[in-house]
Amino acid sequence: MYFHLDGVVGAKEVLLKRFEKSFSNGYELFARDVMIDIEGMTGLLRVAEKIGQLPEEEREDFEDRWRVDDFQKENKSVDVYAELTMAAETNPAIRNYLDLILSVEPRKKYRRSKFLPYTLADVEEIVDEGDRFSRFWPSRIDGMDPADIEKIAKLTLAEKDNDRKNTYLRFFDKTKFPFDYAPLLELARQNNIKKNRLAMHAVNALSHFKADDVRALALKKFTGKKTPWEYLRLLINNYQTGDARILLEIIQRSDDFHHMHELVAGIIDIFEANPDPECKAPLEALYYGMNCALHRLSLIYLLGDNGVLSDEILEELAYDTDEDLRKLFRTVKRQRRSVKQ
């Protein structure tokens, strides 16, 4: 979109053609917000028609009343729902979309409530529920009674049921295990981590420790797997100068952006904890090899914080879809101009 706004001839036509391919075989819905930003109400009607053409069971996944409400707030001169209703009278697809968004309540603003720290009983209740996807929140672990954390660690060591042990281990993904890490290391050394959840959660819990044998485990697993993303966090507290070359080699094994995306979160965690100008090569390899906007933001900030953001990438940020990155482009350009002067 920003190529179009910058006056690049043909940019708008490219966007429109790509949007028209949405829902075609091999494509996904693309550029809803771009369409609305460029075309206004006309763009919203195009979006509504595309979504309304989907089978009902698929259509529900694209319910976005909030997008329509936000557009209305920004365009008070247009009665957005009246325009949609009028179009729906002659266009069944837009009628489907209108029915879809009117089936939900308008988004409300919620005040963020302050959560109390977990108690031992709270953690045991979560374990008893047996939800394999249950999460523990760091904000509720902060301020916990250290004695309760030690009791949870003892329960973790004593637990014989694997599902319950997995949940206890997820707790220690968010805070450091208070005893010796040897039991965690023993679990983390087990094979087939993709199917062995005990090993996976033990690795995450082990990532809080700095130790030679923890680092040795990471390096061993790095050589034994094509995409060893599960073990990257072990370097957070065990990173050494020169490890950027190891991480670059791991990235270069990847065949496509799916592999890249598996690696990016762990590598970001490593360099956030270990500032190092040598991050340039691996982070640039990820930047050029993946397509995740959320992680791209972190990559760019890391390159900038380490003083290795290249001119080539900087110039691209002027056209990035992320507003924060466009602001960063302007800030860095001003800083570099002032230094030259």
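**View 1. Arg-170, a buried residue in helix α12.** In this predicted model, Arg-170 has a relative accessibility of 12%, so this residue counts as buried; the cut-off for that label is under 20%. You will find Arg-170 in helix α12, which covers residues 162-171.

**View 2. The contacts of Arg-170.** Which residues is Arg-170 in contact with, once its neighbours within four places in sequence are left aside? They are Asp-131, Arg-132, Phe-133, Ser-134, Phe-136 and His-201.

**View 3. Glu-60, an exposed residue in a loop.** Let us now turn to another residue. Glu-60 sits in the loop that runs between α5 (56-59) and α6 (65-74). Is Glu-60 buried or exposed? Its relative accessibility is 52%, and because the exposed label applies over 50%, Glu-60 counts as exposed.

**View 4. A negative patch on the surface.** Glu-60 also belongs to a negative surface patch. Its partners there are Glu-56, Glu-57, Glu-58 and Asp-61. Helix α5 spans residues 56-59, so to speak the place to begin when looking for this patch.

**View 5. The whole protein, for orientation.** Stepping back, how many helices and strands does the protein have? There are 21 helices and zero strands. The protein has 341 residues, and 44% of them count as buried. Its accessible surface comes to about 19700 Å², with 50% of that belonging to carbon and sulfur atoms. Taking contacts between residues at least 6 apart in sequence, 62% join residues at least 24 apart.

Note on methods:
Residues are numbered from 1 along each chain as its sequence is written. This is a predicted model: local features need pLDDT of at least 70, side-chain atom pairs count only at pLDDT 80 or more; totals for chains, interfaces and linings use all residues. Side-chain values use heavy atoms; hydrogens and water are left out. Patches are made of residues with over 30% relative accessible area and no salt bridge: like charges are joined within 9 Å, nonpolar side chains (Val, Leu, Ile, Met, Phe, Trp, Tyr) within 5 Å. Accessible areas come from the Shrake-Rupley method with a 1.4 Å probe; for residues, only the protein chains shown count as cover. A salt bridge is a side-chain nitrogen of Lys or Arg within 4 Å of a carboxyl oxygen of Asp or Glu. Lys and Arg count as positive and Asp and Glu as negative; His and the chain ends are not counted. The place of a charge is taken as NZ of Lys, CZ of Arg, CG of Asp or CD of Glu. Helices (H or I, at least four residues) and strands (E, at least two) are DSSP runs, numbered from the N terminus. Buried means under 20% relative accessible area, exposed over 50%, partly exposed in between (1.4 Å probe, protein chains only). Contact means heavy atoms within 4.5 Å.
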